[in-house]
Amino acid sequence: MLKRVWSAAIVGIDAVKVGVEVNISGGLPGVVILGLPDSAVQESRERVKAALKNNGFDFPIRKIVINLTPADLRKEGPAFDLPISLGVLAASEQVSANLLSNFLFLGEISLDGSLRAVSGVLPIAVTAEKMGIAGLVVPADNVQEAAVVQGIDVYGCKHLSEVIKLLNNPQVCSPVKLDYLDYLHQGAQVVNNGGDLRDVKGQAHARRALEIAATGGHNLIFVGPPGSGKTMLARRLPGILPPLSLDESLAVTRIYSVAGLLKNRGTLVCDRPFRSPHHSASGPSLVGGGSFPRPGEISLSHHGVLFLDELTEFKRDVLEFLRQPLEDGFVTISRTRQSVIFPAQFTLLASTNPCPCGYYGDTLQNCTCSPRQREQYWAKLSGPLMDRIDLQVAVNRLQPTEITQQTTGESTLAVRERVQQGRERANIRFQTENNLRCNAQMQSHHLQKWCQLDDSSRNLLEAAIRKLGLSARASDRILKVARTIADLALDEHLKPHHVAEAIQYRTIDRMQ
Ligand SMILES: [Zn+2]
């Protein structure tokens, strides 16, 4: 007898509906799984066999063919255990098949029949809802993640027996409902764990740059000697970022769901991501990859911050991978059978020493590097990557008098309020533009519209272009930063002092 159960597979960060067809017939006993299964799917036959037997069901000793459709899509992971079990039970008439087609099933099964959580449940729930499927049955640990999607009934089950109860007697089970706005609200209250800006002494210039970066979503690099507090400053950026909006939160959660990184399989990711990969990171771990492509660090930083500490320690070819995504806001991973697109709109935050010994430009210690060594050092941070960093900020070590001073700086909370105000101003401007979320994402035609210069501002910018040898891209970036500075000052028009401040943040261009 032939029966079909619905399930789904993940491709990139999207889901595809998968039919699990089970046919039981006479012939040599055995189980075959067709439809490009990976080894985890192949192994499910043994898990399913044990789970059914341990729960008093019969695993037919006949010829069982399990076909996963569409046949040309590779299937991976243990999420097909539950649909395969139900297919076998239905095809051998041990469970009623009347309601099977109403649901989409997902879940790894243990040998005792209990269900274990799987990755990628949120995108699957979104797809199931779009396809008009009435109900989604997932392991209990995945239920909150799935219930974020409002238009579909989500059932969480701890054990195979609960799924069978649902199929035989659906009226006794009720779907889980979740108020996701409640969760988002809770998330906004979370205090960041990167420390408070109040603890940072001095460094007014760097603090200001952090505030501008947070408001406009600008890429930022801190250049300074060891011990100047670059990392301490950088780790305080997430605290002053505005909270995620609902659609941003859904987009980020989707990526974390696919990557299997949702904490406690909870609901939405509410805090802006802050990823800080080690400098030994490989290209694929940074931009994404693998035979079943998985999102890399740049996608895990979507709508948040990617922090590269000690930028020059990263391999140069790895850094080159960042150029395209920084421009496009997404990355395409091509494989022979499929190519997938992962979103990657992130703010790049980096830190580096000014030279190999670390003390070039330091007021307390002399640099021991030769000019050639310094030149080679800077050549590693290729021009094109530096071109894409809007704020290049020198961070100096504190003077002894600054270290001993007792006064505290402005708190994270106070700065965050200004950042939010600045962002709101920008958002009002962006109302008629799709997909524009912060000033850093503006294109040339937006600059013409919103960054018009008066004569003295234009003269300033032209002088800077001549003196620093800036590219057209770098000059556009100055305009975007100036726009953010004007937003923070609640000014509608760009003024010369906004442009002048923006030019100040081209430290590296001035050093070369
Ligand atoms: Zn040096």
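**Exercise 1. At 37% relative accessibility, does E327 count as buried, partly exposed or exposed, and what counts as its surroundings?**

Before starting, a word on the model: it is predicted, so local features need pLDDT of at least 70 and side-chain atom pairs count only at pLDDT 80 or more, while totals for chains, interfaces and linings use all residues. Residues are numbered from 1 along each chain as its sequence is written, and side-chain values use heavy atoms, with hydrogens and water left out.

*Solution.*
- Step 1: get the cut-offs straight. Buried means under 20% relative accessible area, exposed means over 50%, and partly exposed is in between (1.4 Å probe, protein chains only).
- Step 2: place the residue. E327 sits in helix α14 (residues 323-328); helices here are DSSP runs of H or I with at least four residues, strands are runs of E with at least two, and both are numbered from the N terminus.
- Step 3: apply the cut-offs. E327 has 37% relative accessibility, so E327 counts as partly exposed.
- Step 4: list the contacts (heavy atoms within 4.5 Å). Leaving out residues up to four places away in sequence, E327 touches R388, R473 and R477.
- Step 5: check a C-alpha distance. E327 and Q345 are 18 residues apart along the chain, and their C-alpha atoms are separated by 9.1 Å.

**Exercise 2. Work out the strand order of the open sheet, and find which strands stand at its edges.**

*Solution.*
- Step 1: recall the pairing rule. Two strands pair if DSSP finds at least two bridges between them.
- Step 2: start with β11. β11 pairs with β14 (residues 305-308) in the parallel sense over 2 bridges, and R275 stands opposite L306 in β14.
- Step 3: move on from β14. β14 and β17 are parallel too, with 4 bridges; F307 stands opposite L349 in β17.
- Step 4: carry on to β10 (residues 220-223). 4 bridges join β10 to β17, again in parallel, and L220 has L349 as its bridge partner in β17.
- Step 5: write down the order. The 5 strands run β11-β14-β17-β10-β18 in an open sheet with parallel pairing.
- Step 6: pick out the edges. β11 (274-275) and β18 (391-394) each have a single partner strand, so one side of each is left without a neighbour in the sheet.

**Exercise 3. How many residues of β17 are buried, and which way do they point?**

*Solution.*
- Step 1: count. In β17 (residues 347-352), 6 of its 6 residues are buried, which leaves the strand mostly covered.
- Step 2: sort by direction. T347, L349 and S351 point one way, L348, A350 and T352 the other way, and all are buried.

**Exercise 4. Describe how β15 and β16 are connected and paired.**

*Solution.*
- Step 1: get the sense. β15 (residues 330-334) and β16 (residues 339-343) pair in the antiparallel sense over 5 bridges.
- Step 2: pick a pair. T332 has I341 as its bridge partner in β16.
- Step 3: name the arrangement. The two strands, β15 and β16, form a hairpin with 4 residues between them.

**Exercise 5. Characterise the packing of α2 against α1 and against α5.**

*Solution.*
- Step 1: fix the conventions. Axes are lines fitted to C-alpha atoms, for helices over the stretch in contact, and angles run from 0 to 180 degrees between N-to-C directions. Angles under 35 degrees are roughly parallel, over 145 roughly antiparallel, 65 to 115 roughly perpendicular, and the rest oblique.
- Step 2: take α1 (residues 39-54). The axes of α1 and α2 come within 10 Å and cross at roughly 55°, which makes α1 oblique to α2.
- Step 3: list that contact. S44, R47, V48 and L52 in α1 meet D81, I84, S85, V88 and L89 in α2. The residues divide into 5 nonpolar, 2 polar and 2 charged (nonpolar: Ala, Val, Leu, Ile, Met, Phe, Trp, Tyr, Cys and Pro; charged: Asp, Glu, Lys and Arg; polar: the others, Gly among them).
- Step 4: turn to α5 (residues 160-168). Its axis and that of α2 (residues 81-91) come within 12 Å and cross at roughly 55°, so α2 is oblique to α5.
- Step 5: list the second contact. L82, S85, L86 and L89 in α2 meet L160, V163, I164 and L167 in α5. This contact has 7 nonpolar residues, 1 polar and no charged.
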